[in-house]
Structure formats: structure tokens, C-alpha cells
Amino acid sequence: GMGSSLATTSPAARNALATADAVLGIGLSDLMANGPAETLEDTFNAQPAILAASIAAIGAIEEALGEALKPAMVAGHSLGEFSALVVAGVLSYEDALRLVRERGRIMKAAGETAPGAMAAVLGLDDGVLEAVCREASSEGIVVLANRNCPGQTVISGDVAALERASELAKERGAKR
């Protein structure tokens, strides 16, 4: 059902999804609406689907608000940066779809070559978490990947090292 209600109610959203289908040469909107979930959740498909849903949503909002919606600035995190660039007019939606599809392909290939994982660590000082990652690195690569907000930092790396770092983080007071 991803994006389905938007497509039903908004011509701009329908157009955004149809553009994704045409640019990518696949039935992305059908996959978003009907699955199967495991195919949609593959990063190769999920990343362009998330971009398409985001642009469909902004299209529906612009359609409803017209000139009342003129953002002074936009921002995005990770994949969301592409949506922000499209909304800012810096990158065309079509180019963003192609880039995001390729990004998903590369990320999938990297994950198959070197499987890894991520974990959000809650309630642990980043300095302590850095020390935890250093200690767990005897099991493989594990690093601070992203500071989401104070008190929530994402670590990522090799599965064994990540599991060890998670254990150590809990021992040192992480809430999760």
C-alpha cells in the first residue's frame, strides 16, 4: 500500500509514481502498492520507492497548498538528502531516481560481499561508545556510523564485532 492513498487522491502524486515507473523501466508503483514485501524491501527497490513516495507526498502537498508552500530551506538525512535536493530544484527527480537506484544496487552488492549490520545504541556517551567499538574491533570492523541525536548513536560493521560491541555497550550502561 506504499503511496497508494496519495495516488488515489492526488494527480500530482500519481504523476510522481508514474514518472518513477517510466524512468526506471519497471512497475515500481505496482510493487509499492502490492508487493511482495520481500521484493520491495530489497534496498535496490526500497530506495527508489522511498524517494518516489517522498516526491509523491510533496507533490500532493504542493497541489493542496499551491503558492503557500515555498520552503526557505530543505534538509534530508542519508537517502532523504535526495528528496531534499529534488525539492530544492538542485537535482531533477528523474536523475535522483536513477542515482538512488544505483545507490541501492551498490549498497546491496556491498552487503552481499561483506555482510554487516547496524544497531542504535541508546543512553551511552559517544566517548564510551568509541572505546567499546575499539575493544570489539578484535572481532572485526565496528565503528560509530551516525549520531542521530544526543543519547542515540548508530554503530555498524561486521556482525560478530557489532554483536560484541552491543554486549559491551549494555555492560557499560546503554539502555539498549
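Two strands are said to pair if DSSP finds at least two bridges between them; helices (H or I, at least four residues) and strands (E, at least two) are DSSP runs, numbered from the N terminus. The model is predicted: local features need pLDDT of at least 70, side-chain atom pairs count only at pLDDT 80 or more, and totals for chains, interfaces and linings use all residues. Residues are numbered from 1 along each chain as its sequence is written, and side-chain values use heavy atoms, with hydrogens and water left out.

**View 1. The open sheet of three strands.** The strand order is 1-3-2, with antiparallel pairing. Strand 1 (116-122) and strand 2 (142-149) stand at the edges; each has a single partner strand, so one side of each lacks a neighbour in the sheet.

**View 2. The pairing of strand 1 with strand 3.** Seven antiparallel bridges join strand 1 to strand 3 (residues 152-158). Methionine 118 stands opposite serine 156 in strand 3.

**View 3. Helix 8 and the strands.** Helix 8 (residues 126-136) lies across strand 1, strand 2 and strand 3, and runs at about 160° to strand 2. Axes are lines fitted to C-alpha atoms, for helices over the stretch in contact (heavy atoms within 4.5 Å); angles run from 0 to 180 degrees between N-to-C directions.

**View 4. The cysteines 133 and 149.** The whole structure holds zero disulfides, a disulfide being a pair of cysteine sulfur atoms within 2.5 Å. For cysteine 133, the nearest cysteine sulfur, that of cysteine 149, is 17 Å away. Cysteine 133 counts as buried because its relative accessibility is 4%, whereas cysteine 149, at 38%, counts as partly exposed. Buried means under 20% relative accessible area, exposed over 50%, and partly exposed in between (1.4 Å probe, protein chains only).
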